[in-house]
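Here's a quick walk through the structure below. Have it open in your viewer while you read.

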Amino acid sequence: MLGSKAVQAFRQFSTTAVRRGHAYEGPGHNLPFDVFSKYKFTLYTALFFSSGFGLPFLMVRYVRKRSG
């Protein structure tokens, strides 16, 4: 009894998720940035990862300069 209700709930959720997911638009349409311009995507990706990687180094530089 409990198992059949769980299966039914899962089926209802999965069909609703597909309906709301706009699955027929193709990949990349549900992202908040453009992935179809190769150079723009490369630039944004590089800026995103370099800012995250460089932030700790900038923080150490700031602390060392402030205390020095």
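## A phenylalanine in the loop

Phe33 comes out as partly exposed, because its relative accessible area is 39%, which falls between the under-20% cut-off for buried and the over-50% cut-off for exposed. Keep in mind that this is a predicted model, so treat the numbers here as properties of that prediction.

Where does Phe33 sit? Look in the loop between α1 (2-20) and α2 (38-67). Phe33 also has company at the surface: together with Leu31 and Phe41, Phe33 makes a nonpolar patch of about 250 Å².

## The overall fold

Zooming out, the secondary structure is simple to list: two helices and zero strands. The protein has 68 residues, and buried ones make up 3% of them.

How much area does the protein expose, and what share of it do carbon and sulfur atoms supply? The exposed area is about 6800 Å², with 67% of it coming from carbon and sulfur.

## The annotated span

UniProt, in an unreviewed entry, puts a "transmembrane region" at residues 41-63. That label comes from the record and may be inferred rather than shown by experiment.

In the model, residues 41-63 are 100% helix and 0% strand. From one end C-alpha atom of this span to the other is 33 Å.

## Aromatic pairs

There are two aromatic pairs in the structure. One of them joins Phe48 and Phe49 in an edge-to-face arrangement, with 5.2 Å centre to centre and 75 degrees between the planes. Both of these residues, Phe48 and Phe49, are exposed.

Phe53 and Phe57 form an aromatic pair too, this one tilted: the centres are 5.4 Å apart and the planes meet at 55 degrees. Why are Phe53 and Phe57 separated by about one helical turn? Because they are four residues apart in helix α2. Phe53 and Phe57 are both exposed as well.

Note on methods:
Residues numbered from 1 in each chain as written. Predicted model: local features only at pLDDT ≥ 70, side-chain atom pairs only at ≥ 80, totals over all residues. Heavy atoms only, no water. Patch = residues over 30% accessible without salt bridge, like charges linked within 9 Å, V, L, I, M, F, W, Y side chains within 5 Å. Areas by Shrake-Rupley, 256 points an atom, 1.4 Å probe, with all protein chains shown as cover. Salt bridge = Lys/Arg side-chain N within 4 Å of Asp/Glu carboxyl O. Buried < 20%, exposed > 50% of the residue type's maximum accessible area, 1.4 Å probe, protein only. Phe/Tyr/Trp six-rings, centres within 6.5 Å; stacked < 30°, edge-to-face > 60°.
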